[in-house]
Amino acid sequence: MSLNQLYLTLLVGGLVLLASIVGTRVATKVGFPSLLLFLLVGVVLGVDGIGLDFDNVELARNVCTAALAVILVEGGLTTRYSDIRQVLAPAASLATLGVLISTLVTAVGAHLLLDMHWQLALLLGAIVASTDAAAVFSVLRVLPLPRRLAGLLEAESGFNDAPAVILVLMFSVVPFVLDPEGAVTDLIYELLAGIALGLAVGFVGAQALRRIALPASGLYPIATFGLGLVAFAAAGSAHASGFIAAYLAAVVLANSGLPHRSATRSFAEGVGWLAQIGLFVLLGLLVNPHDLGSDIIPAIVIGLVLLLVARPLSVMLSLVAFRIPFREQLFLSWAGLRGAVPVVLATFPIVAGVPDSYRLLNIVFVLVVIFTLVQAPSLRIVAHGLGLVSRDNTREIQVEAAPLDVIDADLLTMTVRPGSRLHNVTILELRLPDPAVITLIIRNGHTFVPLPDTRIAVGDELLIVTTSRTRAAAEARLRAVSRRGKLAYWFDEYGHPD
């Protein structure tokens, strides 16, 4: 690739990225997952649009698998253990038994209704069996659902990718020979080994990050995210489930009380969005709309089997041992959105050389698009109809977490180093320029709101909120007092940068 080609590629990639980000705002407002927009961007760039010819399925499979790992790590790092703690058992049942039931029921439907060969039918069932966390929560984040129900959906979406991937790989063998006993053994090993490796990397990584003082705070989010990818790669190298290892490692790291949690969460969300955009645009490039006509009806048929039979049966049978109200089970059945994972999994049998498997990609693509358009906008209506969203909630006080850039403010943090003349200076004596204010002090692991007569001490971590206009003056005052004490101006010290 020449230098000019590199510039052109980066220009196109940057424009696509910016267009996708702007379009995400529109998608969120109309109430359906932005994945459809990203897929559309890929289709527009493809052969039937602008004309970019991309047909390297193996490259797409590899890149998208890596992107899925990134998305799962992001999902784990943004998951609160307190939200999923009480629903781990039912979520695990949905992610294993539920996926198996959904796979078998959908496969039977594909075999009987579409006269599909058993290998293709089982592959199709496994491909569409798992729900997609990104698709589900891009819609559910605007619904005030009960915490247990939202946590159950979140945990299921994080766990059920692994069993689906394992089943797809089992059914992609050529020539196809079904060995139920061996399949169950492999499934149990991959899940248990993936869980063990994920938890181990998470715990060891958390202990290491607590004891290692990195030279820059920006390295903590990178190190945390890197540990999630290490769990994914290590599990994959051990022929275990890398997806469940990545998710669990990230959950452990996110809930271990590590420093810079807010920065880590923001970094993870940004990388996760980048992975989603790249993944869906690439998948959109891979599909040619002129080849989809003959697969629209089969996709609708399989989608109806999945939505009206397979998903409800899998939910009800998986949760029979748990006290989940029937109306919540109905909502779980309807909220099982499909997104990135099924489309990516559809590339696995193509790479493996399964006969007629390219048809699966077309069916799954159409199914995801059509049924996302049907299900996603209706989730609010279904939730209200089932009484899961109380009308009183809309009349309660709404407390919003406004981003600092929206209110034109900056959050500054600084640590009082040994030798700093800030030591023993009171908040009042510090005299920060109005409206800058020290909102919190972290001292010896304890956080408190300072009073005017509170004295600053060596080792304190100060959190200062100021406006963008007064930020420079606030920083200068802090430097001045740190150098010459509270009477810094008397010594002509005004805190100019060195």
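Student: Which domains is the chain divided into?
Tutor: This is a predicted model, so local features need pLDDT of at least 70 and side-chain atom pairs count only at pLDDT 80 or more, while totals for chains, interfaces and linings use all residues. Residues are numbered from 1 along each chain as its sequence is written, and side-chain values use heavy atoms, with hydrogens and water left out. The bounds come from an automatic or database domain assignment. They give domain 1 (32–386) and domain 2 (401–491).

Student: How far apart do the centres of domain 1 and domain 2 lie?
Tutor: Let's start with the box: the C-alpha atoms of the chain fill roughly 90 × 60 × 45 Å, taken along the principal axes. The C-alpha centres of domain 1 and domain 2 are separated by 45 Å.

Student: How many helices and strands are there in the chain?
Tutor: Both are DSSP runs numbered from the N terminus: helices are H or I with at least four residues, strands are E with at least two. Going by that, the chain has 20 helices and four strands.

Student: In what order do the four strands form the open sheet?
Tutor: Two strands pair if DSSP finds at least two bridges between them. The pairing here is antiparallel, and the twist averages 20° from one strand to the next (axes are lines fitted to C-alpha atoms, for helices over the stretch in contact, with angles from 0 to 180 degrees between N-to-C directions). The order is β1-β4-β2-β3.

Student: Which strands stand at the edges of the sheet?
Tutor: Look for a strand with a single partner, so that one side is left without a neighbour in the sheet. That fits β1 (409–415) and β3 (446–448).

Student: How many bridges join β2 to strand β4?
Tutor: Start on the other side of β2 (residues 437–443), where three bridges join it to β3. There, Ile 441 stands opposite Phe 448, and Arg 443 has His 446 as its bridge partner. Towards β4 (residues 461–467), Val 437 stands opposite Val 465. The number of bridges between β2 and β4 is five.

Student: Which residue takes a positive phi in the hairpin of β2 and β3?
Tutor: This hairpin has two residues between the strands. The one with a positive phi, near 55°, is Asn 444.

Student: What percentage of the 498 residues count as buried?
Tutor: Buried means under 20% relative accessible area, exposed means over 50%, and partly exposed is in between (1.4 Å probe, protein chains only). Helix α2 (residues 35–45) is mostly covered, with eight of its 11 residues buried, including Leu 35, Phe 38 and Val 41. For the chain, the buried share is 48%.

Student: Which helix gives the largest share of the largest nonpolar core?
Tutor: A nonpolar core is a set of buried Ala, Val, Leu, Ile, Met, Phe, Trp, Tyr and Cys residues joined through side-chain atoms within 4.5 Å. The largest one has 122 residues, and Met 116, Leu 124 and Val 364 are among those that touch the most other members. The largest share, 12 residues, comes from helix α18 (residues 358–385).

Student: How many residues are in the second, separate core?
Tutor: Among its members are Val 425, Ile 438, Ile 464 and Leu 478. The count is 16 residues.

Student: Which residues does Val 364 touch, not counting those up to four places away in sequence?
Tutor: Contact means heavy atoms within 4.5 Å. With that cut-off, Val 364 touches Leu 124, Ile 127, Val 128, Pro 342, Val 343 and Ala 346.

Student: How many residues apart in sequence are the parts that Glu 328 and Arg 148 tie together?
Tutor: Their side chains meet in a salt bridge (3.1 Å, N to O), meaning a side-chain nitrogen of Lys or Arg within 4 Å of a carboxyl oxygen of Asp or Glu. Glu 328 lies in helix α15 (residues 326–334) and Arg 148 in helix α8 (residues 147–159), so the linked parts are separated in sequence by 180 residues.

Student: Is Glu 328 buried or exposed?
Tutor: Its salt-bridge partner Arg 148, at 34% relative accessibility, counts as partly exposed. Glu 328 has 8% relative accessibility, so it counts as buried.

Student: How many salt bridges does the structure hold?
Tutor: One of them is between Glu 429 and Lys 486 (3.1 Å, N to O), and another is between Glu 493 and Arg 483. The total is seven.
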